Amino acid sequence: MKSLLFSRFLLLLPWVLIVIIVLDIDSSRAPLPALYPRGGSEGGSGGARPPAPRRRPEAVLPTIYAITPTYSRPVQKAELTRLANTFRQVSRLHWILVEDAAARSELVTRFVAGAGLPCTHLHVPTPRRYKRPGLPRATEQRNAGLAWLRQRHQHLPPPQPGVLFFADDDNTYSLELFQEMRTTRKVSVWPVGLVGGRRYERPVVENGKVVGWYTGWRADRPFAIDMAGFAVSLQVILSHPKAVFKRRGSQPGMQESDFLKQITTVEELEPKANNCTKVLVWHTRTEKVNLANEPKYHLDTVNIEV
Ligand code: UGA
Ligand code: MN
């Protein structure tokens, strides 16, 4: 009797060992989430799976929508490349690229396809009569971006958290800027470098509130701030459906003020960048390229997109 039990035991032993090894490999490959520690003492339903782990906090980061007007010129692809290289490093950023053109260009279409970030590619031409020096630029393109954003969220109550900002294609943006604007509740503001004929312009902050503007140019503007100096929450954009950039009566340099007047007050502004004491964005402008030696007719043996 004893030897029968012993031989059964010997027969089963290898199988038991194999099962233990297999289980061990399996659990080391897919460790259970810390929320459900192994060998928990909740007895009973041994076969029931634990519920799926909660979504990680990153999943609810507000989306940053960047509206970029852009137009065809020799440096366009270089500007867009620089901008995409920045944007690609920012999580949950949706790029709204609006071409100043009657149709989507092949160059920008190809660029967007390879840009490696979520991008909506729109186009609208600036009417010829507005293409004059001294007139505001990119009015129609920014409005097209706003219209797309409003339409997209029209049927989605309640809106997902989001932040909008206007990112011209030639400026320089630090990654820290996106961390700052991400927490915008209504409208946030910060300094802009290399603008207004000074090294920087900035909102003047006292006790956490904007009380004035440090600027060298038209200090009488209600919001003496460049397009690169503010962000607006998606909620505010949706609750002011008529707020747009206006051509009628708008002077250059007044677009920002004319727009912000429609959605907020100076008292309401949220100062970012350490109470507006840090420059995180620069109003850089690209030099016009010298194409003096460019041949009139195509001379090269290949056609190259630049
Ligand atoms: C300043 C402000 O920073 C801009 O936000 C403002 O739109 C502009 O003045 C203005 O005068 O309206 P600035 O550097 O002088 O900027 O302007 P650009 O960088 O030449 O243009 C602003 C944006 O509009 C750029 O993204 C540019 O690609 C785009 N743009 C410009 C067009 O889409 N079409 C044009 O014909 C010109
Ligand atoms: Mn510019």
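A cavity, in the sense used on this tour, is a set of grid points where a 1.4 Å probe fits but cannot get out, and by that test the structure, which is a predicted model, holds one cavity of 30 Å³ or more.

**First stop: the enclosed space**

Begin by selecting Trp190, Val192, Val195, Glu201, Arg202, Pro203, Trp213, Ala224, Ile225 and Asp226, which together line the largest cavity, a space with a volume of about 40 Å³. If you then colour this selection by residue class, you should find seven nonpolar residues, three charged residues and no polar ones. Adding the secondary structure to the view brings in strand E7 (192-195) and strand E8 (198-206), each of which supplies at least two residues of this lining; E8 gives the most, with three residues.

**Second stop: the open pocket**

Turn next to the largest pocket, whose volume is about 1300 Å³. Its lining is made up of 44 residues, and to centre the view you can select Arg137, Asp168, Asp170, His283 and Arg285, which are the closest to the centre of the pocket. Showing strand E1 (63-70), helix H4 (139-154) and helix H7 (255-261) as cartoon then displays the elements that give two or more residues to this lining. Coloured by class, the lining residues of the largest pocket divide into 16 nonpolar, 10 polar and 18 charged.

**Third stop: the ligand**

What takes up the space of the largest pocket? Display ligand 1, for the space that ligand 1 takes is this pocket. Around ligand 1 there are 18 residues, of which Pro69, Asp100, Lys131, Arg137 and Asp168 come nearest, and the class colouring of this shell shows five nonpolar, three polar and 10 charged residues.

With the ligand's oxygen atoms in view, three distances are worth drawing in turn. Start at Pro69, where a backbone N or O atom lies 2.6 Å from an oxygen atom of ligand 1. Move on to Lys131, where an N or O atom in the side chain is 2.8 Å from an oxygen atom of the ligand. Finish at Arg285, one of the residues closest to the centre of the pocket, where a polar side-chain atom lies 3.0 Å from an oxygen atom of ligand 1. To close the tour, show the protein surface over the ligand: of the 680 Å² of accessible area that ligand 1 has on its own, the protein covers 90%.

Terms used:
Residues numbered from 1 in each chain as written. Chains lettered and ligands numbered in written order. Predicted model: local features only at pLDDT ≥ 70, side-chain atom pairs only at ≥ 80, totals over all residues. Heavy atoms only, no water. Near = heavy atom within 4 Å. Polar contact = N/O pair within 3.5 Å; in protein donor to acceptor, adjacent residues only side chain to side chain. Areas by Shrake-Rupley, 256 points an atom, 1.4 Å probe, with all protein chains shown as cover. 1 Å grid on protein atoms, 1.4 Å probe; cavity = no way out; pocket = protein on both sides within 12 Å on 5 of 7 lines; lining within 4 Å. Sits in = over half its atoms within 2 Å of the grid points. Nonpolar A, V, L, I, M, F, W, Y, C, P; charged D, E, K, R; others polar. Points joined across faces, edges and corners; volume = space filled by probe spheres on them. Helix = DSSP H or I, 4+ residues; strand = E, 2+ residues; numbered from the N terminus.
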